[in-house]
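Me: I have a model open and would like to check the labels that go with it. Could we go through them one by one, setting values against definitions?

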Amino acid sequence: MRGAKVETQGMFSYVPPEQRVPQDHPLRAIRAIVDRSLAELDGHFSTMYSAFGRPSIPPEFLLRALLLQIFYSVR
């Protein structure tokens, strides 16, 4: 079962991530491209998951985390 796309903005901080990243930072342009690409893949992701069972982590979140690891070489 595909997990829901719920973002917990204020879980650990009172300052949202949008205020922490400068407006001219390259990640903002990359995020727009990634958002468009993942929106196009949304239908494909939906067909890959069963209608029942335990919810998973949404694949969009996992792919974004992998991109951040690649960009910042977080191991």
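Me: To begin, how many salt bridges does the count come to?

Reply: Happy to help! This is a predicted model, and the count comes to two salt bridges.

Me: What makes D35 and R31 a salt bridge?

Reply: The rule asks for a side-chain nitrogen of Lys or Arg within 4 Å of a carboxyl oxygen of Asp or Glu. The closest N and O atoms of D35 and R31 are 3.8 Å apart, so the pair meets the cut-off of 4 Å. Along the chain, the two are four residues apart in helix α2, which covers residues 26-48, and that separates them by about one helical turn.

Me: And what makes D35 and R64 a salt bridge?

Reply: The N to O distance for D35 and R64 is 2.3 Å, and the limit is 4 Å, so this pair qualifies too. D35 lies in helix α2 while R64 lies in helix α3 (residues 59-72), so the bridge ties together parts that are 29 residues apart in sequence. Salt bridges with shared partners join R31, D35 and R64 into one network.

Me: Why is D35 called partly exposed?

Reply: Buried means under 20% relative accessible area and exposed means over 50%, with partly exposed in between. D35 has 30% relative accessibility, so it counts as partly exposed. Its partners get that label as well: R31 has a relative accessible area of 39%, and R64 has 26%.

Me: Which residues of α2 are buried, and what covers them?

Reply: The buried residues of α2 are V34, L38 and F45. Their cover includes α3. Over the protein chain, buried residues make up 11% of the 75 residues.

Me: How do you know that the length of α2 agrees with a helix of 23 residues?

Reply: At 1.5 Å a residue, the 23 residues of α2 should span 33 Å, and the end C-alpha atoms are 32 Å apart, so the two agree. There is still a kink of about 45° in α2, centred on L41.

Me: What does that check give for α3?

Reply: The 14 residues of α3 should span 20 Å, and the end C-alpha atoms are 20 Å apart, so the values agree here as well. After α3 comes S73, whose phi is positive, near 50°.

Me: Where does F61 lie, and is F61 buried or partly exposed?

Reply: F61 lies in helix α3. Its relative accessible area is 26%, so F61 is partly exposed. F61 and L38 are 23 residues apart in sequence and 9.9 Å apart in space, C-alpha to C-alpha.

Me: Which residues form the nonpolar patch on the surface?

Reply: The patch is formed by L68, I70, F71 and Y72, with about 420 Å² of accessible area together. One of them, L68, lies in helix α3.

Me: What makes L68 eligible for a patch, and why is L68 called partly exposed?

Reply: Patch residues need over 30% relative accessible area, and L68 has 44%, so L68 passes that cut-off. That 44% is also why L68 is partly exposed: the label covers values between 20% and 50%.

Me: To finish, what is the overall pattern of the protein chain, and how many helices and strands are there?

Reply: There are three helices and zero strands, and the pattern along the sequence is α-α-α. Of the contacts with a separation of 6 or more, 72% come from residues 24 or more positions apart. The protein chain exposes about 6300 Å², with carbon and sulfur atoms supplying 64% of it.

Methods. Residues numbered from 1 in each chain as written. Predicted model: local features only at pLDDT ≥ 70, side-chain atom pairs only at ≥ 80, totals over all residues. Heavy atoms only, no water. Buried < 20%, exposed > 50% of the residue type's maximum accessible area, 1.4 Å probe, protein only. Contact = heavy atoms within 4.5 Å. Areas by Shrake-Rupley, 256 points an atom, 1.4 Å probe, with all protein chains shown as cover. Patch = residues over 30% accessible without salt bridge, like charges linked within 9 Å, V, L, I, M, F, W, Y side chains within 5 Å. Expected span 1.5 Å × (residues − 1). Bend = angle between axes of the 7 residues up to and from the residue.
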